[in-house]
Amino acid sequence: MTTATADKTSGGIAGLVRFMTAAKAPTLPINLSAVVGALVAVITQSVAWSLPFMLIALLLLAWQWRGAKAGQVEIGTLVVPRVAILLALAVLALARDTSDAALLAAVVLAVLATTLEPTLAAVARAGYPVTSNLPGLRTSPGRIRLMPWVPPINGAVVAVVLIAALTPLPGWPALVAALGGLAALAVAGLRGLQTALARRRAEGKLRSALTSYEPVFAVYWQAAAGTSYQLGMWLPYLERLGKPFIVVVRTRVNFDEAVALTTAPVVLRTALTDLDDVIVPSLKTVFYMNNAIRNCHMVRYEHLTHIQLNHGDSDKAPSYNPVFRMYDKNFVAGQAAVDRFAANGVSMPAEMFAIVGRPQVEGITLARGPISALADPTVLYAPTWAGFHADSNYCSLPVGYDIIKALLARGATIVFRPHPYAANSPVLARECDRIRGLLAEDRKSTGRAHRFGTEAEKTMSVTDCFNVSDAMVSDVSSVVADYLYSEKPFAMVSVLTSAADFPKEFPLARASYVIDAHRKRLQGLDASLDEMLGSDPLAETRRSLKRYYLGDFPAESYAQRFVDEASRYV
């Protein structure tokens with residue numbers, strides 16, 4: 001059983017409800033409802049038996065397409081349920097011995113319009129922008145928004161046909177609606193063809209435009225949707241190098257996200273051979289933010305210098321993955337990152353590393369004084385997500401509600417900022433909702449200014465959350481190493497091992513108050529929180545490990561170390 005399947009199973013009724021109403025999840029129930037309704041209509045020719053299934057399918061379709069105005073509807077999706085409903089309606093109409101030719105013509109035209117959508121989707125993909133912000137090459141930035149209104153229009157046609165087929169009303173309104181759907185399809189198809197031709201022209205000019213632009217380095221980024229923070233955290237510091245550069249992405253989703261983050265040229269290269277066009281004579285270096293599988297497509301250009309920046313420093317297993325050996329240089333925050341590889345049996349030559357600090361921490365403010373002197377401390381709870389594999393699931397959210405209750409009992413004001421990926425799991429999303437509900441209730445009853453939801457997760461940056469807090473509870477995560485810069489106390493939740501063994505596996509825990517949540521059973525919570533918010537005996541240990549993990553650079557020019565080192569290669 002996969003992690004996602006386990007989540008849906010263990011989530012019970014609440015998980016099922018969340019699954020049924022999630023933005024992408026209704027595909028299965030929509031298909032089932034529509035197909036079952038069509039089969040029932042064919043077998044029984046009964047409106048009473050088949051109509052409920054078709055109505056359920058249509059309602060779920062409407063929910064799925066509620067974001068049409070924001071361009072969230074994907075053309076060519078959910079064709080099967082719409083065609084199934086239309087065919088069922090034709091069967092029911094014929095069973096009533098109707099001779100309404102207009103109604104039957106509406107069904108035929110609606111089926112035609114719906115089944116043509118995948119072809120239109122192919123046209124849309126062919127017309128996706130090849131680049132944005134590149135001088136000398138005019139292309140439309142951002143995602144294609146030609147088609148989002150076509151599926152809802154065709155879905156509305158299905159609803160009109162349903163009304164005409166199951167009531168005494170005449171069929172001509174349904175025919176008019178079906179003709180309107182075909183007209184919308186034709187308009188979208190024309191616009192899609194225009195963009196496809198523009199894309200083809202841009203492809204022919206891309207190489208010469210890039211050569212004229214003369215980029216010195218490239219930022220290569222491929223990641224799952226919603227991971228733009230990986231790119232966003234490095235762009236401001238790469239821009240400080242003062243050299244022309246390009247951002248190379250491999251998916252349309254990443255193209256949209258990158259265009260929203262930078263004014264530098266963004267180039268979409270989906271196929272392996274497409275990358276040849278961006279390897280222009282001026283290009284010297286490529287920077288990477290993660291170890292995505294398709295990084296090897298770019299690393300194969302051996303005359304370039306390939307530098308891995310990574311998107312965080314932590315004691316997690318991915319931070320000492322042997323795949324780091326395929327880069328020419330690995331920029332790391334401190335000596336701890338270098339030693340981590342050796343401690344875990346991964347042989348890495350010393351010359352492959354460059355200690356550059358974590359420039360992203362330059363805006364983090366230091367502790368305002370001993371925490372024991374603060375009457376009402378603010379505590380940040382920043383749990384990580386479940387990871388892709390069971391052996392990297394360091395997430396404390398299953399016990400997070402109890403941790404927050406214990407902090408509230410100590411008079412703490414809470415900032416709750418879960419990892420963005422927590423929303424992808426019904427189980428973790430439910431735990432986040434429970435915590436938000438608890439904080440909302442406590443804010444109402446006590447007046448404490450808890451920060452959570454949109455404020456903490458969207459409006460505030462991670463650095464903002466760090467700076468308003470006096471202490472933090474987190475998991476094995478890169479946010480812990482970054483928080484170390486503040487010299488404020490923090491606790492780490494031990495999920496995969498006991499508290500006694502935790503510091504052996506995750507050395508940063510030597511500066512942390514450890515909360516034992518092994519096997520999802522909280523132990524020693526009160527003692528850890530009392531020390532963290534009270535006498536804080538680990539204050540000096542944190543200051544020592546700060547240099548070990550984050551480098552020993554002057555605070556006033558901390559980020560300059562990265563800029564100076566990167567400049568050597570560009």
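## Helix H16

In this predicted model, helix H16 has many residues tucked away: Pro426, Val427, Leu428, Ala429, Glu431, Cys432, Ile435, Leu438, Leu439 and Asp442 are buried. The helix covers residues 426-446, which makes 21 residues. From first C-alpha to last, H16 reaches 30 Å. That is close to the 30 Å expected at 1.5 Å a residue.

What comes after H16? Gly447 follows the helix, and its phi is positive, near 80°.

## The sheet

Eight strands form an open sheet with mixed pairing. Their order is E1-E4-E3-E2-E5-E6-E7-E8. Strand E1 (131-132) and strand E8 (353-355) stand at the edges. Each has a single partner strand, so one side of each is left without a neighbour in the sheet.

Look at the E8 end. Strand E7 (residues 329-332) runs parallel to E8, and three bridges join the two. Val332 has Ile355 in E8 as its bridge partner.

## A helix across the strands

Helix H12 spans residues 252-259. This helix lies across E1, strand E2 (217-221), strand E3 (245-249) and strand E4 (266-268). H12 runs at about 175° to E4.

## Asn295

Asn295 sits in helix H13 (residues 295-299). Is Asn295 buried or exposed? Its relative accessibility is 0%, so Asn295 counts as buried. The cut-off for buried is under 20%.

Which partner does the side chain of Asn295 reach at 2.6 Å? That partner is the backbone oxygen of Asn290. Beyond its neighbours within four places in sequence, Asn295 is in contact with Tyr220, Tyr288, Asn290, Gln308, Met326 and Tyr327.

Technical notes:
Residues are numbered from 1 along each chain as its sequence is written. This is a predicted model: local features need pLDDT of at least 70, side-chain atom pairs count only at pLDDT 80 or more; totals for chains, interfaces and linings use all residues. Side-chain values use heavy atoms; hydrogens and water are left out. Two strands pair if DSSP finds at least two bridges between them. Helices (H or I, at least four residues) and strands (E, at least two) are DSSP runs, numbered from the N terminus. Contact means heavy atoms within 4.5 Å. Axes are lines fitted to C-alpha atoms, for helices over the stretch in contact, and angles run from 0 to 180 degrees between N-to-C directions. The expected span of a helix is 1.5 Å times one less than its number of residues. Buried means under 20% relative accessible area, exposed over 50%, partly exposed in between (1.4 Å probe, protein chains only). A polar contact is a pair of N or O atoms within 3.5 Å; within protein, one must be able to donate a hydrogen and the other to accept it, and residues adjacent in sequence count only if both atoms are side-chain atoms.
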